[in-house]
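Colleague: I'm new to this one and would like to learn how to read it. Could you walk me through it, one feature at a time?

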Amino acid sequence: MTAHRTITVATAAPYDVTVGENLLPEVVAAVPEAATRVLVVTAAPLRRHVGNLKALLDARGLTVVIAEVPDAEEGKTAEVLAFCWQVLGKSDFTRSDVVIGFGGGAVTDLAGFVAATWLRGVGVIQVPTTLLAMVDAAVGGKTGINTSEGKNLVGAFHEPLAVFCDVRALDTLPRNELVPGLAEVVKCGFIRDQEILAIVEANLDGLRDADLDAVRPVLVELIARAIQVKADVVAADLKESFLREILNYGHTFGHAIEYTERYQWRHGAAVSVGMVFAAELAHLAGRLSEAEVERHRAILSGLGLPTSYPGHRWDALFTAMKRDKKTRGDLLRFVILAGIGNPIRLEGPDPALVQGAYSAIAD
Ligand SMILES: NC(=O)c1ccc[n+]([C@@H]2O[C@H](COP(=O)([O-])OP(=O)(O)OC[C@H]3O[C@@H](n4cnc5c(N)ncnc54)[C@H](O)[C@@H]3O)[C@@H](O)[C@H]2O)c1
């Protein structure tokens, strides 16, 4: 069994993120003494894991209410939010009771927002069960839902009481969900912790094939390191600012791909292409060597992630980038690297550079 790793997120109310195996007893122990009821927000694919959690919560004498919500983005709606409030109301849920978000990023976003809004804020313990949710969604306090106006437009900052990333949960996660999550891990390597890149490079095959028996200890290390990067940034700045912006490396172009593809691409796959685009842009701006750009390609394609995009979609992508929330007025803004591990902002680059970077990733 791999040793647990704990990362403290030093925000106003500091909390721990624990990464390891078989963490359900720790989840139960994190429920505050004062709580008598627990609402577990989850989705159908997690039923088996949730059954085990419920048994342990029952054994502690807690009243457990399970809200099984529609899966993935279907669950991040105002209707589902209202359903959760109804469940809380019917179970006389008080300020000292606790919500547990148990699932992928869609579930942890919803559960966090349920907790943020009930009685103006009750405690939430996050148990992310996808790689993306572990390294990104469940840490940092951003919660929310989608509306017909767009994704994640309604939400709140609400920090959890604690986060538990149990790599055993990943055993049931389909490979096509696991590998895109690695893009966010690699991103943390490029923007801050270069040791992540070395570890990924040394384990490319096992990670690409999602050979979990072989790479479980490696995953614990990578998840802990990626969370440390996010924790450092979040602790320095709970609200948006440049430090928080570095987490958007690869995301301006990545979001444009997601939008153009009507959200049929996995987020991590779009961010993978977006990072290669940002690397090419940095190269054209004289900030990154050709070898450093190729390192992006070698790592990401070695993991089985895409690194190119069709060459005839420029107009759609450019329009999508201009509507990105990071854009100020008409100026496009990118996070690029001035050398690996040194992110900087590139604002209003010469359009010829942006087009040149696109040509370099076009297939
Ligand atoms: N709050 C933030 O800072 C933040 C950051 C990044 C992403 N997000 C949000 O996260 C969401 C994406 O998260 P995601 O990639 O985890 O997708 P997801 O939550 O849609 O999960 C993907 C699929 O995997 C299933 N699943 C989850 N864990 C499983 C497991 N252990 N075994 C088997 N199946 C499992 C889910 O039920 C779902 O069908 C988006 O809504 C995005 O907006 C939020």
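Colleague: Let's start with a pair of side chains. Which side chain does the side chain of K151 make a polar contact with?

Modeller: Keep in mind that this is a predicted model. To read a polar contact, look for a pair of N or O atoms within 3.5 Å. Here the side chain of K151 meets that of E73 in such a contact, at 3.2 Å.

Colleague: Where is K151, and what else does K151 touch?

Modeller: K151 sits in strand β8. Skipping neighbours within four places in sequence, K151 is in contact with E73, N146 and Y263.

Colleague: Is K151 buried, exposed or partly exposed?

Modeller: Buried means under 20% relative accessible area, exposed means over 50%, and partly exposed is in between. K151 has 33%, so K151 is partly exposed.

Colleague: N146 was on that list. Which strand holds N146, and is N146 buried or exposed?

Modeller: N146 belongs to strand β7, residues 142-147. Its relative accessibility is 12%, so N146 counts as buried.

Colleague: Which side chain is joined to that of N146 by a polar contact?

Modeller: E73 again: the side chains of N146 and E73 are joined by a polar contact of 2.7 Å. So that we see the wider setting, leave aside neighbours within four places in sequence: N146 then contacts E73, K76, T77, A78, K151 and N152, with contact meaning heavy atoms within 4.5 Å.

Colleague: Now the ligand. How many residues surround the ligand, and which are the closest?

Modeller: Start by listing the residues around a ligand, then look at individual atoms. There are 24 residues surrounding this one, and the closest are D71, E73, T129, T130 and T172. E73 is thus one of the closest residues to the ligand, as well as a polar partner of K151 and of N146.

Colleague: What kinds of residues make up that shell?

Modeller: The shell divides into eight nonpolar, six polar and 10 charged residues. As for where they come from, α4 (105-117), α5 (131-137) and β8 (150-157) each supply at least two residues of the shell.

Colleague: Which atoms should I look at for polar pairs with the ligand?

Modeller: Try three places. T129 has a polar side-chain atom 2.7 Å from a ligand nitrogen. N152 places a polar side-chain atom 3.1 Å from a ligand oxygen. At A169 the backbone takes part: a polar backbone atom there is 2.9 Å from a nitrogen atom of the ligand.

Colleague: How much of the ligand does the protein bury?

Modeller: Compare the ligand alone with the ligand in place. Alone, the ligand exposes 860 Å², and the protein buries 87% of that.

Colleague: What about a buried residue elsewhere, say T42?

Modeller: T42 is in strand β3, residues 37-43. With a relative accessible area of 2%, T42 is buried. Not counting residues up to four places away in sequence, T42 touches V50, I66, A67, E68, V69, F102 and V107.

Colleague: And R216: is R216 buried or exposed?

Modeller: R216 is buried, at 9% relative accessible area. R216 lies in helix α9, residues 212-236, and touches E21, V167, R168 and D171, again not counting residues up to four places away in sequence.

Colleague: How do I read phi angles?

Modeller: Most residues other than glycine have a negative phi, so a positive value is worth a look. D92 is not a glycine, yet has a positive phi of about 55°. D92 is in the loop between α3 (78-90) and β5 (98-103) and is exposed, at 52% relative accessible area. R120, also not a glycine, has a positive phi of about 60°. R120 lies in the loop between α4 and β6 (123-128) and is exposed, at 77%.

Colleague: Last, the whole chain. How many helices and strands are there?

Modeller: The protein chain has 15 helices and 11 strands. For overall shape, compare the radius of gyration with the value for a compact globule: for 363 residues that is near 21 Å, and this chain has 20 Å, which agrees. Of its 363 residues, 55% count as buried. Among contacts with a separation of 6 or more, 74% involve residues 24 or more positions apart.

Terms used
Residues numbered from 1 in each chain as written. Predicted model: local features only at pLDDT ≥ 70, side-chain atom pairs only at ≥ 80, totals over all residues. Heavy atoms only, no water. Near = heavy atom within 4 Å. Polar contact = N/O pair within 3.5 Å; in protein donor to acceptor, adjacent residues only side chain to side chain. Areas by Shrake-Rupley, 256 points an atom, 1.4 Å probe, with all protein chains shown as cover. Helix = DSSP H or I, 4+ residues; strand = E, 2+ residues; numbered from the N terminus. Nonpolar A, V, L, I, M, F, W, Y, C, P; charged D, E, K, R; others polar. Buried < 20%, exposed > 50% of the residue type's maximum accessible area, 1.4 Å probe, protein only. Rg over C-alpha atoms; globule rule 2.2 N^0.38 Å.
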